[in-house]
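Please open the structure in your viewer and keep the sequence panel beside it. The stops below say what to select next and what is to be found there.

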Amino acid sequence: MASLDANVVAARFFRAWTAGDFDTARDQLDDVSFAGPLEKFDHSETYIGARRGLAQIVKGVEEQNVFVDGNDVCVIYNLITNTPAGSSPTAEWYHLRDGEISSVRVLFDARPFAAMFEQGSGH
């Protein structure tokens, strides 16, 4: 049962943030910790703020696969941006606690995006 619940919550979160519905996305989070190649956060509000910034460069996503193992869900997708970086294969690993996402880890090749963050134009 935990796997089904985790998958439902993760799917709701993923659909919400990729559609720009940050209130619904926030509702799926506990006090989330986030780690990715370019940033780390320890608070849900900071994380949602970063997602809002990311939304400014996202044209779309192409979900490739979802893996569920208990309270862990991994979503593999292609992030399509409106930047010179183009698209990026991406994996997001959500860990759930008590039916809410408590941590998010994102894996992608940050090299095409690093220059935007150094110039401060990424957010």
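Select Leu96 to begin, a residue of strand S5, which spans residues 87-97. In this predicted model, Leu96 has a relative accessibility of 3% and so counts as buried, the cut-off being under 20%. Display what surrounds the side chain: once residues up to four places away in sequence are set aside, Leu96 touches Ala6, Val9, Asn71, Ile101 and Ser102. For a sense of distance, draw a line from the C-alpha atom of Leu96 to that of Val68, which lies 28 residues away along the chain, and the separation is 11 Å.

Step back by one residue to His95, which also belongs to strand S5. Is His95 buried or exposed? With a relative accessibility of 29%, His95 falls into the partly exposed class. The contacts of His95, again without residues up to four places away in sequence, are with Asn71, Asp72, Glu100, Ile101, Ser102 and Ser103. Asn71, Ile101 and Ser102 thus appear in the list for His95 and in the list for Leu96. A further pair to mark is His95 and Ala10, which are 85 residues apart in sequence while their C-alpha atoms are 9.0 Å apart in space.

Now move forward along the chain to Asp98, in the loop between S5 and strand S6, the latter covering residues 100-108. Asp98 is exposed, with a relative accessible area of 77%. Check the backbone here, as Asp98 has a positive phi of about 55° although it is not a glycine. Most residues other than glycine have a negative phi.

Go next to Arg12, in helix H1, which is made up of residues 2-19. Arg12 is partly exposed, its relative accessible area being 35%. Not counting residues up to four places away in sequence, Arg12 touches Thr24 and Gln28. If you also select Glu63, which is 51 residues from Arg12 along the chain, the two C-alpha atoms are separated by 13 Å.

The following stop is His43, which sits in the loop between strand S2 (40-41) and helix H3 (44-55). His43 has a relative accessible area of 47% and is therefore classed as partly exposed, a class that ends where exposed begins, at over 50%. Leaving aside neighbours within four places in sequence, His43 is in contact with Asp31 and Val32. Arg26 is 17 residues from His43 along the chain, and the C-alpha atoms of the two are separated by 11 Å.

From His43, continue into H3 itself, a helix of 12 residues whose first and last C-alpha atoms are 16 Å apart, close to the 16 Å expected at 1.5 Å a residue. Which residues of H3 are buried? They are Ser44, Tyr47, Ile48, Ala50, Arg51, Gly53 and Leu54. When looking down the helix axis, keep in mind that an α-helix has 3.6 residues a turn, so residues three or four places apart point the same way.

Finally, clear the selection and look at the whole chain, coloured by secondary structure. The protein chain has 4 helices and 6 strands, and along the sequence these follow the pattern α-α-β-β-α-β-β-β-β-α. The radius of gyration is 14 Å, close to the 14 Å that the globule rule gives for 123 residues, so the protein chain is as compact as a globular protein of that length. Taken along the principal axes, the C-alpha atoms fill a box of roughly 45 × 30 × 20 Å.

With the surface switched on, the accessible area of the protein chain comes to about 6,700 Å², of which 50% belongs to carbon and sulfur atoms. Of the 123 residues in the protein chain, 40% are buried. Among contacts between residues at least 6 apart in sequence, 45% join residues at least 24 apart. Colouring by charge gives a last view, with 10 positive and 18 negative side chains in the protein chain, and the centres of the two sets lie 3 Å apart.

Conventions:
Residues are numbered from 1 along each chain as its sequence is written. This is a predicted model: local features need pLDDT of at least 70, side-chain atom pairs count only at pLDDT 80 or more; totals for chains, interfaces and linings use all residues. Side-chain values use heavy atoms; hydrogens and water are left out. Helices (H or I, at least four residues) and strands (E, at least two) are DSSP runs, numbered from the N terminus. Buried means under 20% relative accessible area, exposed over 50%, partly exposed in between (1.4 Å probe, protein chains only). Contact means heavy atoms within 4.5 Å. The expected span of a helix is 1.5 Å times one less than its number of residues. The radius of gyration is taken over C-alpha atoms; the globule rule is 2.2 Å times the number of residues to the power 0.38. Accessible areas come from the Shrake-Rupley method with a 1.4 Å probe; for residues, only the protein chains shown count as cover. Lys and Arg count as positive and Asp and Glu as negative; His and the chain ends are not counted. The place of a charge is taken as NZ of Lys, CZ of Arg, CG of Asp or CD of Glu.
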